[in-house]
2 protein chains.
Amino acid sequence: MPEQTAPTKERILAAAGEIFGAKGFKDATIRTIALAAKVNVAAINYHFRDKEGLYGAVLEEVFHIGFTRFPATMDLEESSSSEQRLRAFIRAMFHRLLSREGWGGIAGRGRLIARELLAPSPAFEAVLDRYIKPHKDLLVTIISDIMGTNTNPGPEKLMPCAISIIGQCIYYAMASPVIKIIYAGNAPTEENLDRLTEFVWLFSLGGIAKIKDATL
Amino acid sequence: MPEQTAPTKERILAAAGEIFGAKGFKDATIRTIALAAKVNVAAINYHFRDKEGLYGAVLEEVFHIGFTRFPATMDLEESSSSEQRLRAFIRAMFHRLLSREGWGGIAGRGRLIARELLAPSPAFEAVLDRYIKPHKDLLVTIISDIMGTNTNPGPEKLMPCAISIIGQCIYYAMASPVIKIIYAGNAPTEENLDRLTEFVWLFSLGGIAKIKDATL
DNA sequence: AGGAGAATAAAACATTTGTTTGAAACTGGC
DNA sequence: GCCAGTTTCAAACAAATGTTTTATTCTCCT
């Protein structure tokens, strides 16, 4: 099957990603997706069995593309410090969430992830094991390195730090409709990507330092 | 209308809050809500005009109860420091999001807020002006005080700090289904409320201090 | 060229779901 | 006790939507 005008299966996948991301699983109708993909409704069931099958395929594709195109070690030298590795981690996260080439920007596929966090679908479990858990382990390692190997902090410090860092990134992307209203000046968009990275990075470094010395 | 066995209008409101929170606007059906409230389906249209009207009423009630029962100055002395005011702010936020008496806990109404941030409904605008914007202004004031009046930081430092702090709280509540899986030890629940508060508070104090001295 | 299998299209089907209708039951005042 | 207004209920309606069916077209191999 040599692709010429973009094979229908991929057209469906692309349109579905956009529409599922924008409207959620239930609000997205297969007729809307079929229309956007310029495809007959029956083609969706033919290629993906049913609506859930299509959703699962979209989810897998979204994570695969996001994590392969923007790995957490993006643009990183071999000899980088742990602080720099944290910045790269955050930057990759924002790229996946906000850039057009990543998960398709706020209005696009990026919001699929936020929706899944809020109410995981059956298809999410596989994605969790394959992509999210290893990603989280990497972040924990970075934080541990920043705190210092001699400190040897336990998970009761590392995990909340990881959650706080990821939380900031996800929240920026997820709440962007509201942030745009409240703080028009610096909305979380592709253009402000580097500024957001820099801020969350510094804020998190400060947080990590404070937690390192705290007794909890 | 002296209430004896809880008037139907309130029964509907209570059931709707629970079900809208758990399943979202589209997934929640009038029939499910009517069943849970032990009410005829037509009663919903009679009392609230239509499904959207019911949703708007729920949203207004949720925010009203949350912000009146857990004000951001909860348990605060008159002479409290700005750091302590930040802790109270965060604690109130977690109470609203996680406690049973607040927005109804994770499984309950609390998730309505996360859903609204992700995809604001028409009814959200009123709530934004009435509750969220003033709340944000308060947080910005607190952060400004923490940085020090002589510093006199501009919104380009204050607003991102506010977003990062709120983001952590919202993310903990919103992503709790996934956090529970990844980090079973310390899931964001009502029992861990104080521990979460303490952590986010310290982390944020560290972040604010770092941002204060940064040039951006 | 021909035919088997894959892909696409149009229409119909079965459910679900928000809403309306018209009648019955209830409430408070005279 | 009766009546106007309010509230509740069962049933029906109309629109939307995921899926299936059946027929047609396309593709590639021999």
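Colleague: Before we dig in, what counts as a salt bridge here?

Modeller: A salt bridge is a side-chain nitrogen of Lys or Arg within 4 Å of a carboxyl oxygen of Asp or Glu. Keep in mind that this is a predicted model.

Colleague: Got it. How many salt bridges are there between chain B and chain A?

Modeller: The count is two. In one of them, A:Asp27 pairs with B:Lys26, with the closest N and O atoms 3.5 Å apart.

Colleague: And which helix of chain B gives the largest share of the side that touches chain A?

Modeller: That would be helix 8 of chain B, with 16 residues. By class, the side of chain B touching chain A has 34 nonpolar, six polar and 10 charged residues.

Colleague: How much area is buried between the two chains?

Modeller: About 4,400 Å², and carbon and sulfur atoms give 81% of that. On the chain B side, B:Leu118, B:Tyr171 and B:Phe203 lose the most area to chain A, together 17% of what that side buries.

Colleague: Switching to the DNA: which residues are closest to strand C?

Modeller: Of the 15 residues surrounding DNA strand C, the closest are A:Thr8, A:Tyr46, A:His47, B:Arg31 and B:Lys51. Sugar and phosphate make up 57% of the strand's atoms that come within 4 Å of the protein.

Colleague: Nice. What touches the phosphate oxygens of strand C, then?

Modeller: Among them, a side-chain N or O atom of A:His47 is 2.8 Å from one, and a polar side-chain atom of A:Thr8 lies 2.9 Å from one. A:Asn40 uses a backbone N or O atom instead, at 3.1 Å.

Terms used: Residues are numbered from 1 along each chain as its sequence is written. Chains are lettered from A and ligands numbered from 1 in the order in which they are written. This is a predicted model: local features need pLDDT of at least 70, side-chain atom pairs count only at pLDDT 80 or more; totals for chains, interfaces and linings use all residues. Side-chain values use heavy atoms; hydrogens and water are left out. Buried area is the accessible area (1.4 Å probe) that two parts lose on being put together, summed over both. Helices (H or I, at least four residues) and strands (E, at least two) are DSSP runs, numbered from the N terminus. Ala, Val, Leu, Ile, Met, Phe, Trp, Tyr, Cys and Pro count as nonpolar, Asp, Glu, Lys and Arg as charged, and the others, Gly among them, as polar. A residue is near a molecule or strand if one of its heavy atoms lies within 4 Å of it. A polar contact is a pair of N or O atoms within 3.5 Å; within protein, one must be able to donate a hydrogen and the other to accept it, and residues adjacent in sequence count only if both atoms are side-chain atoms.
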